[in-house]
Amino acid sequence: MAVTLSGISGNSGTLSAAGVGSGLDVKSLVSQLMAVEQRPLTLLGAQEAAFYAKLSGLGSVNSALSTLQTAAQSLITASTDAYRTSVSDSSVLTATAAGNAVAGKYAVAITSLAQQQKLIAAGTASTTAAIGAGAATTLTFQLGTISGGVLADGIYSGATFTADATKTPVAVTIDSTNNTLAGMRDAINAANAGITATIVNDGSGLPYRLSLTSSDTGAAGSLKLTVSGDAAIGSLLSYDPSTATQNLTQTQAAQNAQFSVDGVNISSAKNSVADAIQGVTLNLAKANPDPSPATATVTVERDTGSLTAALSALVQGYNNSNKAIAGATAKGAALQGDWAVLGLERQVRTILGGAQSSGGTYTMLSQLGVSFQKDGSLALDSSKLAAALTSNFSDAAAFASALGTSIKSAADTLLGTTGPLANKTGGINRSIKDIGSRRTNIQSRLDAVQQRYEQQFRALDLLMSGMTATSTYLTQQLANLPGVSKK
């Protein structure tokens, strides 16, 4: 911190000009003395700059290791998702494959999609007007399956309702505090009964109608609603598809998706279907009823390209981290010879150059065409890798997954909040904070020293000025004495 001198203020003020009458250059003298006194601050500044340089070096190492960590995760993903899919008509369905898929082509024909049941009540004049007398009323929601019978204009006749034993009935209480259309909507939604309620305005004379939609798709998502209490609410909402009490009208039936794979018929409560084809998830999007179902061909094949790209990214990630560490620890660099940072490099290098147990043919990275060069970097032999993937893709994928897991685990530890990089960074930050405290203390001492110097030189200047005045007076008096020559 620079030391400045200002004008005189009282007895403790500072001087900004030469001596009052002595000609003593107080400002220059104080400045020179304070320049010497400030040397500790200069040394602290140099130490602080060195610490910030170390932080910068650690930041570059951290960034490079983070890239390597991401590359390791990508290698794990590419090894697990070792198959890719393509679909002849993506408007009909899409597909994704997992590591246990089987290569091949599969014909899919979709006749119906899974959907939710939707019911709607009769219209009312207002969403806020009370319905009924406000007597305590219980709405009991039960999900299940509607079978048989005939459906006409949204009403069943001759059907049966089989409750889903895995779904517990949910009761909702309606009383004088919520016996309006809006109140019942809110109470139903708050109950998490597997039903979503909303209000539809159809623009008629009695426009407001309560609409109920099953939360889940599938035939087992059909609703039975029993009302016990106020008759007015019962006449609006009671619904049992197996009886004549159907005060709600069905606008959409709950149903399963119906489709076939290579001629084998399959039913699913959801449109996202896992393992209808081994290791493949189908996302059904379009259907047509027989005899012209929506069709598409799903092709499953090995995804060598993703694994090759992931290994290439790992090589690049390691080379970048190796370069960053070499630069940060080189002679004259901020982290020259830093054992903690060099130790990180050794850990990663040991994993990449060591054996990995994956239960397959491949145990060394060099078997997949990745090897160390004389300068310590990694290089990828694309031809050797392609040959390994062609020869035994499953074992290559298993080894790559094991390697990626080992590298990621090491990187997670190195980059963790209790890892060596975090500990070293924390130590440097504490040192910088300590320098700040020391600088404040030193500056306080310097301010006091400067004030003392200024006071001392001010007193000296006044003393010298007084002595000069006395000398002048005496000279004048002696000159006036009789018999004293001017010489």
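In the predicted model, the side chains of Glu48 and Arg439 form a salt bridge, with an N to O distance of 3.1 Å. Glu48 belongs to helix α2, which covers residues 39–80, and Arg439 to helix α9, which covers residues 420–479; the pair therefore ties together parts that lie 391 residues apart in sequence. The two partners fall into separate classes of accessibility: Glu48 has a relative accessible area of 18% and is buried, because burial is assigned under 20%. Arg439, at 24%, is partly exposed.

Helix α9 also contributes Lys424 to a salt bridge. The partner of Lys424 is Asp338, and the closest N and O atoms of this pair are 2.8 Å apart. Asp338 is located in the loop between α5 (304–329) and α6 (339–353), so this contact joins parts separated by 86 residues in sequence. Within the pair, Asp338 is buried, with a relative accessible area of 12%, whereas Lys424 is partly exposed, with a value of 25%.

A further salt bridge links the side chains of Arg185 and Asp186, with an N to O distance of 3.0 Å. Arg185 is partly exposed, with a relative accessible area of 25%. Asp186 is likewise partly exposed, its relative accessibility being 42%.

In general, side chains of opposite charge can pair when their charged atoms come close. The structure holds nine salt bridges, among them the pairs Glu48 with Arg439, Lys424 with Asp338 and Arg185 with Asp186.

Notes:
Residues numbered from 1 in each chain as written. Predicted model: local features only at pLDDT ≥ 70, side-chain atom pairs only at ≥ 80, totals over all residues. Heavy atoms only, no water. Salt bridge = Lys/Arg side-chain N within 4 Å of Asp/Glu carboxyl O. Helix = DSSP H or I, 4+ residues; strand = E, 2+ residues; numbered from the N terminus. Buried < 20%, exposed > 50% of the residue type's maximum accessible area, 1.4 Å probe, protein only.
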